Amino acid sequence: MSKTMKAWRVRAFGPPLESLQLDEVPIPEPGPGEVRVRNLAIPLNLNDLERIQGGNMMAPPQLPATPGMEVMGIVDACGAGAEALLGKRVVAIARQANGGFAEYALAPAGATFEMPEAIPLPDAAALFFPFHLAWLGLFDRAGLTPGQSVLIHAAAGGSGSAAIQLARNAGARVFATAGSDEKLQLCRDLGADIAINYKTAEFDDIILDETGGKGVDVVFDNVGEAVMDKSIRSIAYNGHYLMMGFASNKQIADEKSIVPRRAALGNCHFSGVMLAYANEQMAAGLKRAMGWNFPSTALGAAIQQSILALALAGKIRAVIGSTVPFEQTPAAFAALAAKTTTGRSIVLL
């Protein structure tokens, strides 16, 4: 076995076609509680784009660095305590949400889940992150039940398209927003009852009209600042506002941006949702050191089984906009940066 691998690395932040360089680097060795994944496919995420272009990052990497927070492949080496995963076909969150865009990547065993051969590529690589994130929001936080209603922003994207399908399968009424006729049709095809072009219509007025002035039970917000005020106006009494992401303005992610009186008058629940699984020991350490709460590996495993059951039954599907070979990774990120993608983009090795 070679001792080196190919990896896309960022030497200086900038546009993907300029900043990403294909380098030959040492193959990493897993530490205790870690696995090494021989990558078969690597999904693109907006968080990866920040680590390429620069921007608001919770933990900026030391350059040169390899971006990539999510991987799919075969476990070919394990650290102490992770031996049960050796040889398994898996999906995983890469160590410290970095290092994925390479031939091999390290991941905590606590954030690594088996993916059966019955689900082929590229779907096997595209299901993990968006469906887990959507599940955590809709069910673990909001407790969505049949007969309730949900507003899903950026509904043609990865977690948005996953949320439409999960909510529909749960018996909810689904309102979806997107910015083009093509994306609106995708939302309808996935099960949205009402699809709204946020560029040409006031979604809050439509929702109040359609719900008899009550509003929706759940707001699934991937966008943030640009839609927050109207989304609070759209939510029902005792509803759940899910803060899933900040696509419209990541700069507010670490700023004081919620007006207390406005929140009080909303009479609703505000829930933060972050997908980063950790075992009990790691979660306890992060809680004491940083004050953060992480969903457990056990919860992740249960969600994975539920998602796999739905996928194998044909009730949900990954929305994949494009697949590209490893050598075309920079071009794939350039398309993501230009916001010309729909669904997920997957790099195949």
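Here a trainee and a mentor talk through a predicted model and ask what stands behind the words used for it.

Trainee: What makes this chain as compact as a globular protein of its length?

Mentor: Start with the parts: the chain has 12 helices and 15 strands. Its radius of gyration is 20 Å, close to the 20 Å that the globule rule gives for 349 residues, so we can call it as compact as a globular protein of that length. If you want outer dimensions, the C-alpha atoms fill a box of roughly 65 × 40 × 40 Å along the principal axes.

Trainee: Why are β10 and β13 called edge strands?

Mentor: Look at the order first. The open sheet has 6 strands, running β10-β9-β8-β11-β12-β13 with parallel pairing. β10 (194-197) and β13 (269-272) each pair on one side only, and that is what the name edge strand says. Neighbouring strands in this sheet are turned by 15 degrees against each other on average, ignoring direction.

Trainee: How do you know that β8 and β11 pair?

Mentor: Count bridges. Two strands pair if there are at least two bridges between them. Strand β8 (residues 149-152) and strand β11 (residues 216-221) run parallel and are joined by 3 bridges, so the pair passes that cut-off. For an example to click on, take Val-150, whose bridge partner in β11 is Val-218.

Trainee: And which strands does helix α4 lie across?

Mentor: Helix α4 (residues 128-141) lies across β8, β11, β12 (235-243) and β13. Against β12, the helix runs at about 145 degrees.

Trainee: What makes the empty space lined by Ala-126 and Arg-344 a cavity, and not a pocket?

Mentor: The way out decides. In a cavity a 1.4 Å probe fits but cannot get out, whereas a pocket is open. The structure holds 1 cavity of 30 Å³ or more, and about 30 Å³ of space lies in the largest cavity. Its lining is Ala-126, Pro-130, Phe-131, Gly-158, Ser-161, Ala-162, Ala-318, Val-319 and Arg-344. Helices α4 and α5 (158-169) each supply at least two of these residues, with α5 giving the most, 3 residues.

Trainee: How do the residues of that lining divide by class?

Mentor: Into 6 nonpolar, 2 polar and 1 charged. Gly counts as polar here, so Gly-158 goes into the polar class.

Trainee: What about the second largest pocket: how big is its volume, and which residues are closest to its centre?

Mentor: The volume is about 380 Å³. Of its 18 lining residues, Pro-28, Thr-66, Arg-95, Asn-98 and Gly-99 are the closest to the centre. β1 (4-10), β2 (20-26) and β6 (104-108) each give two or more residues to the lining, and the largest share, 3 residues, comes from β6. By class, the lining has 11 nonpolar, 5 polar and 2 charged residues.

Trainee: Why are some spots in the backbone worth a second look?

Mentor: Because most residues other than glycine have a negative phi, and most peptide bonds are trans. Now compare Gln-96, with phi near 55 degrees, a positive value in a residue other than glycine. Gln-96 sits in the loop between β5 (89-93) and β6.

Trainee: Which peptide bonds are cis, then?

Mentor: One is Leu-63 to Pro-64, with omega near 0 degrees. Pro-64 is in the loop between α2 (46-53) and β4 (70-78). Another is Leu-121 to Pro-122, with omega near 5 degrees, and Pro-122 lies in the loop between β7 (112-114) and α3 (123-126).

Key
Residues are numbered from 1 along each chain as its sequence is written. This is a predicted model: local features need pLDDT of at least 70, side-chain atom pairs count only at pLDDT 80 or more; totals for chains, interfaces and linings use all residues. Side-chain values use heavy atoms; hydrogens and water are left out. On a 1 Å grid over the protein atoms alone, a cavity is a set of points where a 1.4 Å probe fits but cannot get out, and a pocket is an open set with protein on both sides within 12 Å along at least five of seven lines; lining residues have an atom within 4 Å of a point. Grid points are joined across faces, edges and corners, and a volume is the space filled by probe spheres set on the points. Helices (H or I, at least four residues) and strands (E, at least two) are DSSP runs, numbered from the N terminus. Axes are lines fitted to C-alpha atoms, for helices over the stretch in contact, and angles run from 0 to 180 degrees between N-to-C directions. Contact means heavy atoms within 4.5 Å. The radius of gyration is taken over C-alpha atoms; the globule rule is 2.2 Å times the number of residues to the power 0.38.
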